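Here's a quick briefing to keep beside the model while you look around. It starts with how the chains meet and then turns to the DNA.

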There are 2 protein chains.
Amino acid sequence: MGTKREDIIDAANRAFYRDGFAEVGIDRVVGEANVALGTLYRHFKTRSEVITAALQRRHGDFLHALEGAGEAGKGADCVLELFDVLEAWSTQQGGNGCFFLRAAADYPADDSIQNAARSHKREYLAVIEQRLLQGGWSKGQAEQLGSTIFVLLEGAVAAAFTLGDGAAVTTARNAAARILGSAKPESG
Amino acid sequence: MGTKREDIIDAANRAFYRDGFAEVGIDRVVGEANVALGTLYRHFKTRSEVITAALQRRHGDFLHALEGAGEAGKGADCVLELFDVLEAWSTQQGGNGCFFLRAAADYPADDSIQNAARSHKREYLAVIEQRLLQGGWSKGQAEQLGSTIFVLLEGAVAAAFTLGDGAAVTTARNAAARILGSAKPESG
DNA sequence: AGAAAAGTAGAACGATCGTTCTATCCGAGT
DNA sequence: ACTCGGATAGAACGATCGTTCTACTTTTCT
């Protein structure tokens with residue numbers, strides 16, 4: 001059905017993520033989506049709605065990628081697999097940093113964009129904590145370790161963007177492994 | 001002398017960092033700088049030059065803040081003080097994430113902006129490695145640990161922005177302390 | 001088949017934006 | 001006193017952008 005709508009959202013995701021919100025306009029999005037201008041404005045009331053839809057779609061895709069791997073792991077492995085998913089995801093997307101942070105920073109006055117970014121990060125953190133619980137850590141440990149893993153994952157995408165390669169994800173993964181190893185679920 | 005120029009750069013830093021590149025124009029900068037439009041264009045040839053100057057100024061201020069603290073520490077302390085400086089800096093600036101990453105993401109086709117962001121991060125990483133050397137770690141350890149500390153620092157500002165409070169910096173600092181503790185310079 | 005909905009190409013509009021220009025004014029230096 | 005470089009306010013311009021509109025064609029549904 002709404003395949004045109006999906007095309008627009010896909011194109012918006014690619015264009016905005018690759019070239020930045022400041023440099024791509026609606027015309028670039030319709031051009032990359034192979035869609036008429038009127039079609040976009042039939043599906044979305046405003047540019048802000050396009051961006052919000054792109055964020056929501058990316059959130060769904062990312063969560064799907066997260067849940068598609070590492071659910072069977074035990075101990076630290078099911079947490080560390082988050083880094084593997086992130087590395088594949090980041091390089092596949094182009095390694096231009098976190099799309100949600102970029103959108104939130106560019107449109108601090110846009111409530112729907114702020115909401116999309118905030119709720120994404122909340123759910124992301126929740127997934128991390130759930131993996132820690134699944135790995136055998138207690139609820140209190142999961143909250144504490146979850147924040148640390150979250151910082152490492154966020155730092156990984158930021159550093160990968162800055163340094164231009166995905167080695168930072170491996171660095172973050174190693175750090176996470178060391179920290180998880182020194183706070184084993186058996187010993188807590 | 002060039003106090004008007006400084007006013008413009010200051011205002012650009014505040015406005016762009018607070019409200020994002022997509023939402024603030026040259027008129028907002030001149031308005032916040034209490035300066036005439038012609039004055040801005042006497043000092044800068046283009047908007048891109050204003051942004052680049054803002055980045056360079058912020059780089060200088062940040063490095064100055066870094067070098068102003070923790071130079072006397074020994075061992076892990078002189079590295080961990082980077083987190084303390086970052087926390088003060090981040091909350092003082094408003095906690096809207098890394099200005100350089102945001103600029104680099106928004107203007108991927110602007111060479112001077114890309115250069116300013118890239119060289120900032122390079123120097124930042126160099127400061128971290130220098131602190132590790134100062135703390136007694138070997139050159140090889142400094143490079144390896146430096147990447148990890150860098151990831152933690154980058155993750156700290158990103159997470160602080162997302163979660164809205166500075167607790168992420170403390171989380172990152174604790175993680176850094178644990179990692180530095182398990183790779184003591186005496187034992188390497 | 002026929003009607004309703006969705007899509008297309010492109011013109012058009014109003015607003016905004018980056019940039020330039022004009023005219024005037026102020027302050028410092030020989 | 002006269003000039004000259006920097007500052008000011010604001011008009012002006014061309015480009016772009018987001019959004020709407022028109023006219024036409026295609027798809028979809030019953």
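Buried area is the accessible area, taken with a 1.4 Å probe, that two parts lose on being put together, summed over both. On that count, chain A and chain B bury about 2900 Å² between them, and carbon and sulfur atoms give 71% of it. Keep in mind that this is a predicted model.

**How the two chains meet**

- Chain A puts 35 residues into the contact, and chain B puts in 35 residues too.
- If you're looking for salt bridges between chain A and chain B, the count is zero.
- Polar contacts do turn up across the interface of chain A and chain B: two residue pairs, both at pLDDT 80 or more.
- On chain A's side, helices H1 (3–19), H6 (99–106), H8 (139–163) and H9 (167–181) each bring at least two residues to the surface that touches chain B.
- H8(A) gives the most to that side, with 13 residues.
- Sorted by class, the side of chain A that touches chain B has 20 nonpolar, seven polar and eight charged residues.

**Symmetry**

- Chain A superposes on chain B with a rotation of 180° and 0.0 Å of shift along the axis, at an RMSD of 0.0 Å.
- The two copies are therefore related as by a two-fold rotation axis.
- Want to find the axis on screen? Go to A:Gly155, whose C-alpha sits 1.7 Å from the rotation axis, the closest of the residues of chain A.
- Of chain A's interface residues, 100% are also interface residues in chain B, so the copies meet through the same surface.

**Around DNA strand C**

- DNA strand C has 15 residues around it, and the closest are A:Thr39, A:Arg42, B:Tyr41, B:Thr46 and B:Arg47.
- By class, that surface splits into six nonpolar, five polar and four charged residues.
- Helix H3 (37–43) of chain A, plus helices H2 (26–33) and H3 (37–43) of chain B, each supply at least two residues of the surface near DNA strand C.
- H3(A) gives the most here, with four residues.

**Backbone or bases?**

- Of the strand C atoms within 4 Å of the protein, 69% belong to sugar or phosphate, and the rest to bases.
- On the phosphate side, a polar backbone atom of A:Ala36 is 3.0 Å from a phosphate oxygen of DNA strand C.
- A:His43 also reaches a phosphate oxygen of strand C, with a polar side-chain atom 3.1 Å away.
- For a base contact, check A:Arg42: one of its polar side-chain atoms lies 2.8 Å from a base nitrogen of DNA strand C.

Methods:
Residues are numbered from 1 along each chain as its sequence is written. Chains are lettered from A and ligands numbered from 1 in the order in which they are written. This is a predicted model: local features need pLDDT of at least 70, side-chain atom pairs count only at pLDDT 80 or more; totals for chains, interfaces and linings use all residues. Side-chain values use heavy atoms; hydrogens and water are left out. A residue is near a molecule or strand if one of its heavy atoms lies within 4 Å of it. A polar contact is a pair of N or O atoms within 3.5 Å; within protein, one must be able to donate a hydrogen and the other to accept it, and residues adjacent in sequence count only if both atoms are side-chain atoms. Ala, Val, Leu, Ile, Met, Phe, Trp, Tyr, Cys and Pro count as nonpolar, Asp, Glu, Lys and Arg as charged, and the others, Gly among them, as polar. Contact means heavy atoms within 4.5 Å. A salt bridge is a side-chain nitrogen of Lys or Arg within 4 Å of a carboxyl oxygen of Asp or Glu. Copies are superposed by least squares on the C-alpha atoms of residues with pLDDT of at least 70 in both.
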